[in-house]
Amino acid sequence: MSEAEHAAEEGAKDFIREVVREDLASGETSTVVTRFPPEPNGYLHIGHAKSMCLNFGVGEEFGGRCHLRFDDTNPAKEEHEYIEAIQRDVRWLGFDWGEHLYFASDHFETLFAWAEHLIENGHAFVDDQTAEEIRNTRGTLTEPGQNSPYRDRSVEENLDLFRRMRAGEFSEGDRVLRARVDMSSGNINMRDPVIYRILHAEHPRTGNTWCIYPTYDFAHGQSDAIEGVTHSLCTLEFADHRPLYDWLIANLPTPMVPRQFEFSRLNLTHTVLSKRRLIQLVEEGHVKGWDDPRMPTIGGLRRRGFPPEALRDFAKRVGITKSDNVIEVALLEHCARELLNKRALRRMAVLKPLKVVIENYPEGEVEYLDAVNNPEDEGAGKRQVPFSREIYLEQGDFMEDPPRKFFRLAPGREVRLRYAYFITCTDVIKDDAGNVVELRCTYDPATRGGDAPDGRKVKGTLHWVSTEHAVDGEVRLYNHLFTEPEPTMGDEFLAGLNPESLEVLNGCKFEPALAEVNEGDAVQFERQGYFGCDPDSGSGHPVFNRVVGLRDSWAKIQAKGQANK
RNA sequence: UGGGGAAUAGUUUAACGGUAGAACGACGGGUUCUGGCCCCGUUAGUCCAGGUUCGAAUCCUGGUUCCCCAGCCA
């Protein structure tokens, strides 16, 4: 079975793949070519991940290809730094454009010739009006626009003026090239749209070769045609541009006819995805940068510890339609948990340590106890964890006066130390302020490994770290960037920032094996969540980011208790 | 009385004239050396009104609501 046939039988079934399948079957096209077209003026975010999964996914599933093309038509806003960062992000997500890396700027010469072609056929004219005059004569949503007084210039004059625009004879804003379509169209994009403007700016790739640049409308579809893109997939807000896209292609000597299809963009709860607002968060210092783990950017998610596979799974589950949507972040979190449950090695880490002395355990003795690396994956093997007389437990795992349903440690109560022994709390030591600062316990030597030969059961199993063997480090806990599921639009959206989106914990105690975690590999801190190693880690001082917590039914019980009070 | 797009459980999404199904979430239970994972169950939906049809989420007519568009941004 060919790849195309395979996709036809088992592939995802959104309306775009349906179109592709039909086009292949009908002979409309013999091979499918898509493209992912970022503008190099910002970083990629999870919404782009949806687009990449669609474009690269379709290319691959139907035995075609997907290009990476930078829409670099506005030198005033674009920077080289973004070109590098975007390529890194696309690769990290797992996509490969092969030889097919393009820039709209690669096509500038052809675009210029095509603009002349339009002029020669009476389909474009040089307009001397100012930007304001053009705006004032564009009409409104309900009223038609008025023709420019320069609309009927001769071909010769237009050609001459356009070439002089290129030659740099004019200042920015003096003149533009406009397509000559229909000033009375209900679709504002058809009201003689500007297709070339003068910009005396240095372009990241073409330098000072050009001082006129095509607009999106005169670059995107044209680049598609030059590169042989068959299915140009974009978001819904471009649907209004499709008539112009088609009109330009129809009036240009293109080697083929690409077609545009639109799908709805991704929205996520508890965050923002508009480029403008993301920039604001970074520039005003509400987050620490584009790769702050609270950011929905690809870089942020990567640093947070999300595996690329989880993002791709998320994109698959979200689907492709034309309806507006807001996806709950809970789905993203689920994708990370599901993947990491299968893959992440289990480790013990005490985030908020409470010292515990096991009084009947021999002083100076150290035992190495077997611990399973991943109960979901036998192949992950085992490790040995050092145990000794003094250990750390999680502060939250002890309560002096526990409520019902609290199954952890309390005075006189016996619990299991995971992979170690049963211990019983015999004494509580407090400071002058009444805070619990240390526990005294006894252990049952017969329960070595974690099981009682007499068959007695305990209700709780706690993680722990041996004091003397503990590696000290930092843990960063993340919560939703915005408190409300749907932050308000407008500039006041900053008021919705969650003041508790980041909690930094110092003096965390890690089991020795955690000193060897590689950046990018997420581990599970038993009973707590999945954590990724942050690049801020120094030798002997690991820093971990919480990707997502484990589902926590105890927290739910507690929350309910609070609500009932 | 501008143009374009969309409406199915709380959230996403399937069903292409023939039993409205899934995932996430929520809730309850089982299991458990992670209050995790896993398993079982409960909850809950076709925007409205007509029409066509043996039969409508799907086709037709008329409404309603929401989103996008008036950059020399993409």
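1. How do the residues of the surface near RNA strand B divide into nonpolar, polar and charged? In this predicted model, that surface holds 21 nonpolar, 21 polar and 26 charged residues. RNA strand B is surrounded by 68 residues, and the closest of them are Glu18, Arg346, Arg408, Arg416 and Gly449.

2. On the RNA side, 63% of the atoms of RNA strand B within 4 Å of the protein belong to sugar or phosphate, while the rest belong to bases. Among the contacts with bases, a polar side-chain atom of Arg346 is placed 2.3 Å from a base oxygen of RNA strand B, and Arg346 is also listed with the closest residues to the strand. Two further contacts involve the protein backbone: a backbone N or O atom of Phe407 lies 2.8 Å from a base oxygen, and a polar backbone atom of Gln129 lies 3.3 Å from a base nitrogen of RNA strand B.

3. Regarding secondary structure, at least two residues of the surface near RNA strand B come from each of α6 (131-136), β6 (194-198), α12 (308-318), α13 (329-343) and α14 (553-564). Of these, α14 gives the most, with five residues.

4. Chain A is divided into domain 1 (3-263), domain 2, which is made of two segments (275-345 + 473-564), and domain 3 (349-463). Between the C-alpha centres of domain 1 and domain 3 the distance is 63 Å.

5. The largest pocket has a volume of about 1300 Å³, and of the 48 residues in its lining, Gln528, Arg546, Gly549, Leu550 and Asp552 are the closest to its centre. Because domain 2 (275-345 + 473-564) and domain 3 (349-463) both give residues to the lining, the largest pocket lies between these two domains. The elements that each supply at least two residues to this lining are α11 (298-304), α13, β21 (471-478), β22 (502-510), β25 (543-549) and α14, and the largest share, five residues, comes from α13. By class, the lining of the largest pocket has 23 nonpolar, twelve polar and 13 charged residues.

6. The second largest pocket encloses about 920 Å³ of space; 36 residues line the second largest pocket, and those closest to its centre are Pro37, Glu39, Glu237, Phe238 and Lys275. Two or more residues of this lining are given by each of β1 (33-36), α3 (46-61) and β8 (231-235), with the largest share, four residues, coming from α3. The lining of the second largest pocket comprises 13 nonpolar, 14 polar and nine charged residues.

7. A search of the whole structure for cavities of 30 Å³ or more finds one. The largest cavity has a volume of about 40 Å³, and its lining consists of Tyr216, Asp217, His220, Gly221, His241, Tyr245 and Gln260, which divide into two nonpolar, four polar and one charged residue.

8. Seven strands form an open sheet with mixed pairing, in the order β19-β16-β17-β18-β12-β15-β20. The edge strands, each of which pairs on one side only, are β19 (461-462) and β20 (465-466). Within the sheet, β16 (residues 414-417) and β17 (residues 422-430) run antiparallel and are joined by three bridges, and Val415 has Ile423 in β17 as its bridge partner.

Terms used. Residues are numbered from 1 along each chain as its sequence is written. Chains are lettered from A and ligands numbered from 1 in the order in which they are written. This is a predicted model: local features need pLDDT of at least 70, side-chain atom pairs count only at pLDDT 80 or more; totals for chains, interfaces and linings use all residues. Side-chain values use heavy atoms; hydrogens and water are left out. Two strands pair if DSSP finds at least two bridges between them. A residue is near a molecule or strand if one of its heavy atoms lies within 4 Å of it. A polar contact is a pair of N or O atoms within 3.5 Å; within protein, one must be able to donate a hydrogen and the other to accept it, and residues adjacent in sequence count only if both atoms are side-chain atoms. Ala, Val, Leu, Ile, Met, Phe, Trp, Tyr, Cys and Pro count as nonpolar, Asp, Glu, Lys and Arg as charged, and the others, Gly among them, as polar. On a 1 Å grid over the protein atoms alone, a cavity is a set of points where a 1.4 Å probe fits but cannot get out, and a pocket is an open set with protein on both sides within 12 Å along at least five of seven lines; lining residues have an atom within 4 Å of a point. Grid points are joined across faces, edges and corners, and a volume is the space filled by probe spheres set on the points. Domain bounds come from an automatic or database domain assignment.
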